[in-house]
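Colleague: I'm new to this one, and I'd like to learn how to read it. Could you walk me through it step by step?

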Amino acid sequence: MKHMLRPTRPWQVLRPLTGLLAVLAIQGASAQTTITVASFPDFDRAVKAAIPLYKKKNPNVEIKLVSLSYGDHHNAMTTALATGANLPDVMAVDFGFIGKFAESGGLEDLNKAPYSGAQYRSKFTRFSYPQATNSKGALAAIPADIGPGTLFYRADMLEKAGVTQAELTKSWDSYIESGKKIKAATGAYLIPSAVDIKDIYIRSGLKDGDGIYFNKAGKAQVNTPRFQRAFELAKATRAAGLDANINAWSNEWTEAYKREKFATQAFGAWFAGHLNNWLNTEGKGKWRSSQLPEGAFASWGGSFYAIPTKAKNKTAAWDFIRFMTLDKEMQLEAFRKLDAFPALLEAQTDPFIDQPIEYLGNQPARKLWKDAADRIAAITVDKYDIVAKEIVDSELDNVLMKNKDIKQALADAQAQIEKRVRRR
Amino acid sequence: MALPVSPPPDPDQDAALASRGAGDGLAEGTTNVPASTSLIAEDLASPTPQHSGAVARPAAASRRRLTMRKAAPYLFISPFFILFLVFGLFPLLFSIYVSFFQWDAATGLGGMEWVGIDNYAFVLMQDDWFHKSLYNTAWMGIAGGLPQHLVALPLAFFLHTAFGRWRNTFVGIYFLPFITSTVAISLVFTSLFSREFGVVNAMLGALLHLENIDWWQPQYSKTMISFVVWWRYVGFNTVLYLSAIQTIPRDLFEAAIMDGASRWQQFRHITLPMLKPMIYFAVTLTIIGSLQLFEEPFVLTAASAGDGRMSGSGGIDQAGKSAAMHVFTTGFGENDFGTASAVAWILFMIIALMTMLNNRLLGRDTEGR
């Protein structure tokens with residue numbers, strides 16, 4: 001007994017531990033590979049749907065899904081990339097963060113061997129690869145789904161106001177004119193927020209390789225006619241009382257949908273699912289989808305899968321990513337289950353695309369969305385896009401609420417962006 | 001108990017004593033109080049010989065003395081120190097270090113670039129968003145903080161005098177908001193202040209026939225946030241003041257009543273002066289709290305931020321953005337962790353300065369009491 005109380009040497013204390021580690025190591029080598037997938041709702045449902053399908057093909061691979069809320073997920077991934085710890089094998093990245101993460105250097109360049117992702121480029125929607133490619137030409141992620149932009153409108157309200165769809169979408173001016181008629185006839189707002197119009201307009205007329213806020217040299221291009229007109233349209237909409245001044249996803253916004261206060265909403269195609277599932281379940285058959293006004297094409301959102309440089313199971317992770325993005329059946333499964341418009345072209349040609357959508361009055365709207373997807377310009381993303389957007393939106397608030405001069409607002413926005421991205 | 005306070009300098013004897021004590025303790029169970037107490041006494045006294053006579057003592061011998069028994073207290077207290085080092089001291093020092101670098105955290109530690117005091121210069125001279133957030137913080141600090149005390153002081157006095165045995169129940173009710181989750185509170189208030197469907201607007205409409213107010217407009221949002229902050233912390237201050245009032249000797253009030261003092265005179269001439277130390281303490285807490293204000297405006301303004309905008313930008317015209325939120329957006333929105341750390345340290349300086357100022361104003365003659 002006395003001997004046991006003698007001071008022990010450090011390694012003696014560790015001995016049982018080393019034994020345990022050895023056991024763990026052996027287990028890891030012989031048994032299944034586990035890959036961790038970090039994702040966020042609703043996108044994580046694709047992974048949940050994939051697990052049984054993937055396990056059928058790869059019984060040796062265990063998939064562990066770690067899901068956090070949208071904001072928490074991306075903050076957690078930022079911290080993980082900063083410290084190089086707690087990184088998953090497969091990281092889901094939303095469109096809003098892909099620019100920042102692609103530029104970070106903490107993700108594998110999927111263009112390089114052994115991935116050689118460039119070979120799959122032609123298999124995906126044209127604009128999706130450039131979004132995940134950083135300024136050094138590295139491919140940071142593979143696109144899983146895309147959000148072709150579309151204009152949802154209430155067919156019944158248009159009819160009541162005597163406005164045709166062609167009239168509504170011919171030009172932005174005719175869109176605003178139609179809005180006035182709709183407001184007079186039904187009392188509904190044309191659009192939740194005038195800011196939405198600005199957001200579509202600044203994306204129209206862009207060519208492949210252009211950026212929304214920055215040019216190729218990384219210089220802000222906000223004080224330009226494109227932004228000028230976008231601000232003017234937003235201001236005209238607000239002045240005519242056509243927008244409810246309600247931001248998407250706010251309580252007001254969801255409540256206004258339940259009370260059928262909006263005549264149109266420009267959004268990604270996935271929004272049909274939101275309308276159907278919770279926002280306006282009673283609006284079944286009343287909504288339709290069309291292309292955006294004045295021949296604009298824009299994308300809303302989109303999701304990607306990336307492999308962190310410090311991931312443990314890169315081979316297994318890459319295999320899983322290929323399954324999620326290149327497997328036609330899997331892409332269609334996500335399309336059917338969560339309205340995730342496939343980035344994979346092969347999945348876009350499936351007969352499923354021609355099927356009528358009951359909620360949209362049996363309109364075969366997916367064909368329309370595919371058409372839009374084909375015509376959306378492959379714009380480049382910049383890691384400072386989010387900063388620029390914050391500044392532009394802030395200045396638009398000044399124009400809409402405080403009647404600030406548009407020219408002045410854009411000049412200020414330009415200066416503010418240059419100030420805040422001072423260390424490009 | 002009867003062991004010498006300064007043990008003999010002989011190390012071997014020391015060790016023998018220790019192992020004997022340990023052995024005894026084991027053999028006779030926990031009933032052997034003198035043995036274990038003696039060990040503690042020896043532990044406490046041991047630094048003395050080390051410093052005085054035992055310079056020549058061999059290192060091996062002193063290591064042998066470090067039995068598990070001796071290590072135990074350090075082991076028991078270590079969780080605090082480990083947690084403090086990992087989550088307290090290290091981030092603190094690291095953020096000072098980072099504040100002199102340009103660093104986008106997503107690039108990993110390798111992406112750090114030395115920029116000297118550039119971050120501080122930018123924040124102080126050029127960062128108009130920081131200046132605005134500081135103004136907002138001061139605005140909300142005064143509008144949300146000052147009424148806390150103006151209400152809590154009389155309320156505490158009222159509760160003290162009016163409710164004998166029910167006092168604690170009422171205090172409990174006032175204290176409730178303080179122990180409720182900030183996020184839950186803010187979400188509830190988001191609904192209450194809703195423009196079209198909120199209770200606040202419905203009430204104002206019914207009572208004063210006002211049009212629906214959009215509380216997220218820049219001219220109202222600070223008022224709304226300040227109200228929520230006030231509502232949340234007024235109970236906490238009431239509890240502080242009430243507990244201080246209860247320590248005021250009853251005979252002072254009795255004497256005042258004998259002299260014919262009214263309730264107001266009692267409050268003005270007895271309660272207030274006697275509460276001065278507590279006022280100083282409570283105001284200090286409020287100053288620090290309001291300069292660190294984050295959760296309430298963060299959650300309340302989140303609803304008004306448009307699609308795809310940075311979280312924590314403070315709503316329309318950044319009217320509800322506090323300085324602490326600016327730290328967050330600079331770091332996690334703009335990926336500029338160096339500047340964010342600089343903002344945090346500048347904020348720390350301001351807090352220190354304000355606390356010192358408060359000490360000058362209120363704290364001076366409380367020290368002597």
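Modeller: We'll go through the nonpolar cores, the salt bridges, a cavity and one loop residue. Keep in mind that this is a predicted model.

Colleague: Let's start inside. Which residues touch the most other members of the largest nonpolar core?

Modeller: Those are A:Tyr305 and A:Phe320, in a core of 146 residues. Helix α13 (residues 314–326) of chain A gives the largest share of this core, eight residues.

Colleague: And where does this core lie with respect to domain 1 and domain 2 of chain A?

Modeller: It lies between them, because both domain 1 (33–146 + 301–354) and domain 2 (149–298 + 358–420) give residues to the core. Apart from it there's another core, of 26 residues, and B:Ala152, B:Ala156, B:Phe253 and B:Ala282 are among them.

Colleague: Okay, on to charges. How many salt bridges are there over all chains?

Modeller: First the general idea: side chains of opposite charge can pair when their charged atoms come close. Over all chains, the count here is 39 salt bridges.

Colleague: Pick one for me. Which side chain meets A:Lys198 in a salt bridge?

Modeller: That's A:Asp199, at 2.9 Å from N to O. Both A:Lys198 and A:Asp199 are buried. A:Asp199 also meets A:Lys389 in a salt bridge, at 3.3 Å, N to O. A:Lys389 sits in helix α17 (residues 385–402) of chain A and A:Asp199 in helix α9 (residues 194–201) of chain A, so this pair ties together parts that are 190 residues apart in sequence. A:Lys389, like A:Asp199, is buried.

Colleague: What about a pair that crosses between chains? Which residues make it?

Modeller: Look at B:Asp336 and A:Arg422, whose side chains meet at 3.5 Å, N to O. B:Asp336 is in the loop between α16 (323–333) and α17 (337–363) of chain B, while A:Arg422 is in the segment after α18 (406–420) of chain A.

Colleague: Why does B:Asp336 count as buried?

Modeller: Its relative accessible area is 10%, and buried means under 20%. A:Arg422, with a relative accessible area of 27%, is partly exposed. There's also a network held by shared partners: salt bridges join A:Lys198, A:Asp199, A:Arg203, A:Lys389 and A:Asp393 into one.

Colleague: Now the empty space. How many cavities of 30 Å³ or more does the structure hold?

Modeller: The idea is that rolling a probe the size of a water molecule over the atoms shows where empty space is left. In this structure there are four cavities of 30 Å³ or more. Take the second largest cavity, with about 80 Å³ of space.

Colleague: Which residues line the second largest cavity?

Modeller: Among them are A:Phe43, A:Asp145, A:Tyr305, A:Met324 and A:Gln331. The elements giving two or more residues to this lining are β4 (142–154) and α14 (328–338) of chain A. The largest share, three residues, comes from α14(A). By class, the lining has nine nonpolar, one polar and one charged residues.

Colleague: Last one: is A:Leu190 buried or exposed?

Modeller: A:Leu190 counts as buried, because its relative accessibility is 0%. You'll find A:Leu190 in the loop between α8 (172–186) and α9 of chain A. Try comparing sequence and space here: A:Leu190 and A:Thr264 are 74 residues apart in sequence, and their C-alpha atoms are 5.6 Å apart in space.

Conventions:
Residues are numbered from 1 along each chain as its sequence is written. Chains are lettered from A and ligands numbered from 1 in the order in which they are written. This is a predicted model: local features need pLDDT of at least 70, side-chain atom pairs count only at pLDDT 80 or more; totals for chains, interfaces and linings use all residues. Side-chain values use heavy atoms; hydrogens and water are left out. A nonpolar core is a set of buried Ala, Val, Leu, Ile, Met, Phe, Trp, Tyr and Cys residues joined through side-chain atoms within 4.5 Å. Buried means under 20% relative accessible area, exposed over 50%, partly exposed in between (1.4 Å probe, protein chains only). Helices (H or I, at least four residues) and strands (E, at least two) are DSSP runs, numbered from the N terminus. Domain bounds come from an automatic or database domain assignment. A salt bridge is a side-chain nitrogen of Lys or Arg within 4 Å of a carboxyl oxygen of Asp or Glu. On a 1 Å grid over the protein atoms alone, a cavity is a set of points where a 1.4 Å probe fits but cannot get out, and a pocket is an open set with protein on both sides within 12 Å along at least five of seven lines; lining residues have an atom within 4 Å of a point. Grid points are joined across faces, edges and corners, and a volume is the space filled by probe spheres set on the points. Ala, Val, Leu, Ile, Met, Phe, Trp, Tyr, Cys and Pro count as nonpolar, Asp, Glu, Lys and Arg as charged, and the others, Gly among them, as polar.
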